[in-house]
Amino acid sequence: MKRVIVLLVIVICLLSCSPSGSLQEDLERVKNIDQTISGGSPDSSSFPSQKNVDQKEEKKCNIPKTTRFFSSEPYYHGPLIDTHVHMPVASRIVSTVAKQAGFADAPYKGDLPIEKIVCLLEAEGITKIFGFFMAPNLAVGESVGMVKDIKQNYPNQVVAFYMPTPIGQLNPDSESVQNILEENPGLYQGYGEVKFDFHEVANDKPEDQQYLEAYQLADDHHLIVMMHPAFEHRQEVERILTAHPDTIFLLHGFPNAERWIGEVMDKHDNLYFSLDADLVSLYWFKPSHDYQQPTKEEWLAYSSNEETVQQNIKAFLRRWEATMKRHPDKFTWGTDRWYTWHFDPEASSRIEEIGRMFIAQLDPSLQEKFAYQNAEKMLEK
Ligand SMILES: [Zn+2]
């Protein structure tokens, strides 16, 4: 923990404590260090040259279309939209600091390139993702530049969300975020994930000033807010939903959510919910994962047992299907992929397959809505 604090202090100091030079100079210094470490070019945050675009077109996906691991029926074969994907970070320093701060992984874009992610989506029949791009102060230019590159190359596959870091001091202030949104109209369609239920770091609260300002920015710029509250935040969430009735709030996570989510949906038309990581037990399937999350090998071993997978699907149906029937237009499918191994083709295709097995067991009237149509409608609003 000491090491984490020292690192964070170094980063914050590089940004704000330097006795000589302006903040801009400090940022440039951090950027240069980061580019040296990351091996990126100084202009990597600008739009790609025509040459780069041509090179991309020549590249072929070499990830074969996924084949099933299980053979059970029924199975959903239609399109999917993944409404919960953590994108690689734009800077190697951010990746390193995040891991030092206690996160199990935070892939850097140089190690997990967007081309690979897009190939995976193609192989898995996923037409679109809601991608969360973390934009900490020390690399906000790189993060915005990365989103611009991706939107230019893959305008239809990636819906970009501007994601704050979980550490308040590392986030650009609201005015800076507003400037980014105004200078790049249409680049972002969402704000988040903003999470108030971390185990790894101390949590902010949903009604802290910086988030109240963020919801207003989202309201002003027509962004979907993706929020991960804790179980005890029901009243805060209801106040926020009431304050921004025209803004869509997409929530997920937290144990025992089904009852209060259903009751709040009964009252608020702007609340949506995604079923994602828990569907496939991506981060947790035994108590020791409170401290150490599963590796790829552990997760694959666990999710190779068809009986366990089917039991989990049935439990999910029992927990959620009645609320989904009551609010058929408000639930979306997602994966919550984040770590490097979540994008490994073997693990990734298993996540997709279990999702399709779940969808196929939903009431037929819900299947396509949950799989992709509700997500499409959210983007039209
Ligand atoms: Zn979350």
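Which strands does helix α14 (residues 364-380) lie across, and at about what angle does it run to β8? I took this up as my opening entry, keeping in mind that I was reading a predicted model. I found that α14 lies across β1, β2 (126-134), β3, β5, β7 (271-275) and β8, and that it runs at about 115° to β8.

**Entry on the sheet.** I next looked up how the strands are arranged, and I noted an open sheet of eight strands in the order β1-β2-β3-β4-β5-β6-β7-β8, with parallel pairing. At the edges stand β1 (80-86) and β8 (331-333), and since each has a single partner strand, one side of each is left without a neighbour in the sheet. From one strand to the next, I read an average twist of 25°.

**Entry on β4.** I then turned to strand β4, which spans residues 190-195, and asked myself whether its residues are buried or exposed. The strand is mostly covered, as six of its six residues are buried.

I followed β4 to its partner β3 (residues 158-163), with which it pairs in the parallel sense over two bridges. On this side I wrote down that F161 stands opposite G190 in β4, and that Y162 has Y191 as its bridge partner in β4. I also traced the connection, and I recorded that β3, helix α7 (residues 174-183) and β4 make a right-handed β-α-β unit.

I looked as well at the pairing of β4 with strand β5 (residues 224-228), where the two run parallel and are joined by five bridges. Here I noted K195, which stands opposite H228 in β5. As a reminder for reading side chains along such elements, I added that in a regular strand they alternate between the two faces of the sheet.

**Entry on two helices.** How do α10 and α12 lie relative to each other? I looked up helix α10 (residues 258-267) and helix α12 (residues 306-326), and I found that their axes come within 10 Å and cross at roughly 5°. Angles under 35 degrees count as roughly parallel, and α10 and α12 are therefore roughly parallel to each other. I listed the residues that make the contact, which are E258, I261 and G262 from α10 together with R319, W320, T323 and R326 from α12. When I sorted the residues of this contact by character, they divided into two nonpolar, two polar and three charged.

Note on methods:
Residues numbered from 1 in each chain as written. Predicted model: local features only at pLDDT ≥ 70, side-chain atom pairs only at ≥ 80, totals over all residues. Buried ≥ 20, exposed ≤ 12 C-beta atoms within 10 Å, placed from the backbone. Helix = DSSP H or I, 4+ residues; strand = E, 2+ residues; numbered from the N terminus. Pairing = 2+ DSSP bridges. Right-handed = clockwise from strand over helix to strand, strands pointing away. Axes fitted to C-alpha atoms, helices over the stretch in contact; angles between N-to-C directions. Parallel < 35°, antiparallel > 145°, perpendicular 65-115°, else oblique. Contact = placed C-beta atoms within 7 Å. Nonpolar A, V, L, I, M, F, W, Y, C, P; charged D, E, K, R; others polar.
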